[in-house]
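The following exercises ask the reader to characterise a protein chain by its helices, contacts, salt bridges and surface. Each task is followed by a solution in steps.

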Amino acid sequence: MTSSPFLGVGFHWIGGLAAASFYVPYRGVKRWSWETYWLVGGFFSWIVAPWAVGLMMTQDLVGVLSRAPANALFWPWFFGVLWGLGGLTFGLSMRYLGVSLGYGVALGICAICGTLIPPMLKGMLSSIAATAAGKTTLAGIAICVFGIALSTLAGVAKAGELTDAAKRETVKEFDLKKGIGVALFCGVLSACMAFGLEAAAPLAKLAANAGTAELWTGLPKLVIVLLGGFTSNAIWCITLNLCKGTMREYLSTTTPEGVSVPRLTNLMFCAFAGVTWYFQFFFYTMGETQMGAFRFSSWTLHMASIIIFSALWGYALKEWRGTSRRTRLIFAAGVTALIVSTLFVGYGSYLGSHVR
């Protein structure tokens, strides 16, 4: 299949929209603790959706996995475990910083690590930088980092302008210091998703050999990497359930005080959030197949798209209400830079695929 980088950019944008939107349904969950709804939603994200979609779109998914070498299963799972640790602290960054700022800090670190480390480890970065296509792509990555920095600067300015009461009106548990620390930790570990998908590359080749269309060959990779994510998240959430006495929430129809719990509604919101979350990587793997020689740039496109759409959610949820015009302009400039960066990366990948 001939690569089409601009189509790939489109897929990454759709994935970014899904990633930026998944946390919103959790706002509808009532009288469940964070660890309960995070694990229920995660079960749909990391187990149900990958297997359901993989079985539908991949030829002989079980056979592909059974024929895979051990290291093509272990390392993707292991990096998935590390990514899962970053993922559950990502939820905490949303609690403490809100959607727009939480995404900006965490994904900024994640974008830098997840994009540049894989080609550096392969010794490819210097050869990439030696071509016009590579320089254009790397310029796009640099613009992305600049846009993320502006977005984060706007978030810090926002924190300084609003009163504690105003911050908590839109983000109930707003805590800048705690949130920044959690988001930095989350960003470093979340980059392990990129490492896990890279380690699972043999699965894509096996899927192609089994007759799977190239567009869907990345789906078996998600089954294994996301299983690792479920492993670490399940251990942590169940530990919290046991320590906090919230294990009963999975089956109980009332709180300890006797207040009714909308269990079915909660389950539906968690399922909606979980499946929405999964579709970010469903479209990510589709976009990756279209980026030609510069597949490594997919991670930057993914991160930039998420931050762009999370910014729009931030405005829709009125997280920037009460801030100064200067702060809003800085944030708008950051988002604009992110949009421009995706065009640079897309054009650079196009040059790399079509210009010889």
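## Exercise 1. The environment of His12

Task: Locate His12 in the secondary structure, classify its accessibility and list its contacts beyond the local sequence.

Solution.
- Step 1. In this predicted model, His12 belongs to helix H1, which covers residues 5–21.
- Step 2. The relative accessible area of His12 is 0%. Buried means under 20%, so His12 is classed as buried.
- Step 3. With residues up to four places away in sequence set aside, His12 touches Tyr284, Gly287, Glu288, Met291, Ser298, Leu301, His302 and Ser305.

## Exercise 2. The geometry and burial of H14

Task: Compare the expected span of helix H14 with its end-to-end C-alpha separation, and determine how many of its residues are buried.

Solution.
- Step 1. Helix H14 comprises the 19 residues 298–316.
- Step 2. The expected span is 1.5 Å times one less than the number of residues, which gives 27 Å for H14.
- Step 3. The end C-alpha atoms of H14 are 27 Å apart, in agreement with the expected value.
- Step 4. Of the 19 residues of H14, 15 are buried; the helix is therefore largely enclosed by the rest of the structure.
- Step 5. Just after H14, Lys318 adopts a positive phi of about 65 degrees.

## Exercise 3. Two adjacent residues of H15

Task: Classify Gly346 and Tyr347 as buried, partly exposed or exposed, and describe their surroundings.

Solution.
- Step 1. Helix H15 (residues 325–354) contains Tyr347, and Gly346 is also placed in H15.
- Step 2. Gly346 has a relative accessible area of 0% and is therefore buried.
- Step 3. Apart from neighbours within four places in sequence, Gly346 is in contact with Pro5, Phe6 and Val9.
- Step 4. Gly346 and Ser298 are 48 residues apart along the chain, and their C-alpha atoms are separated by 9.3 Å.
- Step 5. Tyr347, at 40% relative accessibility, counts as partly exposed.
- Step 6. Together with Phe6 and Tyr350, Tyr347 forms a nonpolar surface patch, the three having about 290 Å² of accessible area together.

## Exercise 4. The salt bridges

Task: State how many salt bridges the whole structure contains, and describe each pair by distance.

Solution.
- Step 1. A search of the whole structure yields three salt bridges.
- Step 2. In one of them, Lys244 pairs with Glu35, with the closest N and O atoms 3.2 Å apart. Lys244 lies in helix H12 (residues 219–244) and Glu35 in helix H2 (residues 34–57), so this pair ties together parts 209 residues apart in sequence.
- Step 3. Lys244 counts as exposed at 52% relative accessibility, whereas Glu35 counts as buried at 1%.
- Step 4. Glu288 pairs with Lys221, with the closest N and O atoms 3.3 Å apart. This pair links distant parts of the chain, since Glu288 is in helix H13 (residues 263–288) and Lys221 in helix H12, 67 residues apart. Both Glu288 and Lys221 are buried.
- Step 5. Asp60 pairs with Arg67, the closest N and O atoms being 3.4 Å apart. Asp60 is partly exposed at 43% relative accessible area, and Arg67 is partly exposed at 46%.

## Exercise 5. Positive phi values in loops

Task: Where do Arg31 and Asp60 lie, and what phi values do Arg31 and Asp60 take?

Solution.
- Step 1. Arg31 lies in the loop between H1 and H2. Its phi is near 60 degrees, a positive value in a residue other than glycine.
- Step 2. Arg31 is partly exposed, with a relative accessible area of 45%.
- Step 3. Asp60 occupies the loop between H2 and H3. Although Asp60 is not a glycine, its phi is positive, at about 55 degrees.

## Exercise 6. The chain as a whole

Task: Summarise the fold content, burial, contact range, surface and confidence of the chain.

Solution.
- Step 1. The chain has 15 helices and zero strands.
- Step 2. Of its 356 residues, 57% are buried.
- Step 3. Among contacts between residues at least 6 apart in sequence, 84% join residues at least 24 apart.
- Step 4. The accessible surface of the chain is about 14700 Å², with 70% belonging to carbon and sulfur atoms.
- Step 5. The mean pLDDT of the chain is 84, and 89% of its residues reach 70 or more.
- Step 6. Confidence is highest in helix H3 (residues 61–67), at 96, and lowest in helix H8 (residues 164–170), at a mean of 57. Where pLDDT is low, the predicted coordinates should not be read in detail.

Conventions: Residues are numbered from 1 along each chain as its sequence is written. This is a predicted model: local features need pLDDT of at least 70, side-chain atom pairs count only at pLDDT 80 or more; totals for chains, interfaces and linings use all residues. Side-chain values use heavy atoms; hydrogens and water are left out. Helices (H or I, at least four residues) and strands (E, at least two) are DSSP runs, numbered from the N terminus. Buried means under 20% relative accessible area, exposed over 50%, partly exposed in between (1.4 Å probe, protein chains only). Contact means heavy atoms within 4.5 Å. Patches are made of residues with over 30% relative accessible area and no salt bridge: like charges are joined within 9 Å, nonpolar side chains (Val, Leu, Ile, Met, Phe, Trp, Tyr) within 5 Å. Accessible areas come from the Shrake-Rupley method with a 1.4 Å probe; for residues, only the protein chains shown count as cover. A salt bridge is a side-chain nitrogen of Lys or Arg within 4 Å of a carboxyl oxygen of Asp or Glu. pLDDT is the predictor's confidence in each residue, from 0 to 100.
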